[in-house]
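Hello,

Here is the structure I promised to hand over. Please have it open while you read the notes below.

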Amino acid sequence: MQGKLIVFEGVEGSGKTTQMLLSRDWLLERMEKSASFSEMAITREPGGTELGKALRRLLLEGTLTHPIQDRTELLLYAADRSQHVEEVLKPTLAAGGIILCDRYTDSTIAYQGYGRGLSLSLIEKICQMATDGLESDLTLWLDVDVEIGLARAKARGSADRMEQADLAFHQRVQQGFRALAAAYPQRIVRVDASGTEVEVQGQIQAILTQRFREWSVEN
Ligand code: T5A
């Protein structure tokens, strides 16, 4: 089977990281039983490369004296992505690997487009440049009420620079994910992320089982 890029998306605290790790364990178990893919990589944006880790600190720690301007923020996320695509995503896919990635281009459209209000067509051009046209094969959108997600994130510890934005911002982000899922129903699949970790993982395993079946027939 050819390499596949599977992305986990959603608002703050939607459970992406938790579900990505559970999915990795489940897929590794499958991998032992069938040789349908060669390797598995787990990664994230921002922060999937050495440069990306430095950009992540700048973007999320909120330690700069002067605020990051919206267009600058967009370009920093794009810079992180461009490096990530070339250094991690393309080589892993070329080797036939499966990549589980915490956030990708839909986050930029949702956060910088719907959230910050930057031009969607400008963002699409910048995403195109940063990804060199590489799209996800499947995006799992973990759909949870914004207030529940923020409460989960808060219960875990102190809020980062993005999490500190007001509720209306996060609601616009949620609206962005909803619009994207409606526009790209084949690529983006909604997961009801309001249940327990086990319930959410059950839905994800059902979606992945179906997609892997389709992908193995294609090859
Ligand atoms: N960003 C990113 C942009 O603005 N533009 C971009 O282009 C990109 C790529 C990234 C930030 O950058 C922004 C978006 C983000 O603001 P991040 O650290 O990756 O920063 O932030 P998040 O992606 O939001 O990560 P979080 O860790 O906050 O949320 P997750 O990964 O969705 O949630 P998770 O799994 O860590 O769970 C959060 C808490 O909830 C619990 C967990 O145990 C944990 O304590 N939990 C549940 N509780 C109850 N029920 C469940 N089903 C639960 N699942 C998890």
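**What I found**

In β3, Val 7 has Cys 101 as its bridge partner. Keep in mind that this is a predicted model. I start with the sheet, then turn to the ligand, and end with some single residues.

**The sheet**

That pair belongs to a parallel pairing: strand β1 (residues 4-10) and β3 are joined by 5 bridges. On β3 there is a second parallel pairing, with strand β2 (residues 40-44), again through 5 bridges. There, Ile 99 in β3 has Ala 41 standing opposite.

How many of the residues of strand β3 are buried? The count is 5 of the 5 in residues 98-102, so the strand is largely enclosed by the rest of the structure. Side chains in a regular strand alternate between the two faces of the sheet. In β3, Ile 98, Leu 100 and Asp 102 point one way. Ile 99 and Cys 101 point the other way. Both sets are buried, Asp 102 included.

The whole sheet is open and has 5 strands. Its order is β2-β3-β1-β4-β5, and the pairing is parallel. β2 and β5 (188-192) are at the edges with a single partner strand each, so each has one side without a neighbour in the sheet. From one strand to the next, the twist averages 20°.

Now the β5 end. Strand β4 (residues 138-143) runs parallel to β5, and 5 bridges join the two. Trp 141 stands opposite Arg 190 in β5.

Two helices are worth a look here. Helix α7 (residues 167-183) lies across β1, β4 and β5. Its direction is at about 140° to β4. Helix α8 (residues 197-218) also packs on the sheet, where it touches β1, β3, β4 and β5. The direction of α8 makes about 155° with that of β5.

**The ligand**

Which residues are closest to the ligand? They are Lys 16, Thr 17, Thr 18, Arg 56 and Arg 156, out of 25 that surround the ligand.

Three polar approaches can be checked by eye:

- Gly 195: a polar backbone atom is 2.8 Å from a nitrogen atom of the ligand.
- Glu 163: a polar side-chain atom lies 3.1 Å from an oxygen atom of the ligand.
- Arg 152: an N or O atom in the side chain is 3.4 Å from a nitrogen atom of the ligand.

The protein buries 85% of the 1000 Å² that the ligand exposes when taken alone.

**Backbone oddities**

Most peptide bonds are trans, and most residues other than glycine have a negative phi. There are exceptions to look at here.

Glu 45 and Pro 46 are joined by a cis peptide bond, with omega about -10°. Pro 46 sits in the loop between β2 and α2 (50-60).

Arg 103 is not a glycine, yet its phi is positive, at about 75°. This residue is in the loop between β3 and α4. Is Arg 103 buried or exposed? Its relative accessibility is 12%, so Arg 103 counts as buried.

Asp 132 also has a positive phi, near 55°, and is a residue other than glycine. Asp 132 is found in the loop between α5 and β4. At 51% relative accessibility, Asp 132 counts as exposed. The cut-off for exposed is over 50%.

**Two helix residues**

Thr 105 is part of helix α4 (residues 105-115). Its relative accessible area is 15%, so Thr 105 is buried. Leaving out residues up to four places away in sequence, Thr 105 touches Glu 9, Arg 81, Cys 127 and Thr 131.

Ser 121 is in helix α5 (residues 120-131). With a relative accessible area of 44%, Ser 121 is partly exposed. Its side chain makes a polar contact with the side chain of Ser 119, at 3.2 Å. From Ser 121 to Leu 59 there are 62 residues in sequence and 23 Å in space, C-alpha to C-alpha.

Best wishes

Conventions: Residues are numbered from 1 along each chain as its sequence is written. This is a predicted model: local features need pLDDT of at least 70, side-chain atom pairs count only at pLDDT 80 or more; totals for chains, interfaces and linings use all residues. Side-chain values use heavy atoms; hydrogens and water are left out. Buried means under 20% relative accessible area, exposed over 50%, partly exposed in between (1.4 Å probe, protein chains only). Helices (H or I, at least four residues) and strands (E, at least two) are DSSP runs, numbered from the N terminus. Two strands pair if DSSP finds at least two bridges between them. Axes are lines fitted to C-alpha atoms, for helices over the stretch in contact, and angles run from 0 to 180 degrees between N-to-C directions. Contact means heavy atoms within 4.5 Å. A residue is near a molecule or strand if one of its heavy atoms lies within 4 Å of it. A polar contact is a pair of N or O atoms within 3.5 Å; within protein, one must be able to donate a hydrogen and the other to accept it, and residues adjacent in sequence count only if both atoms are side-chain atoms. Accessible areas come from the Shrake-Rupley method with a 1.4 Å probe; for residues, only the protein chains shown count as cover.
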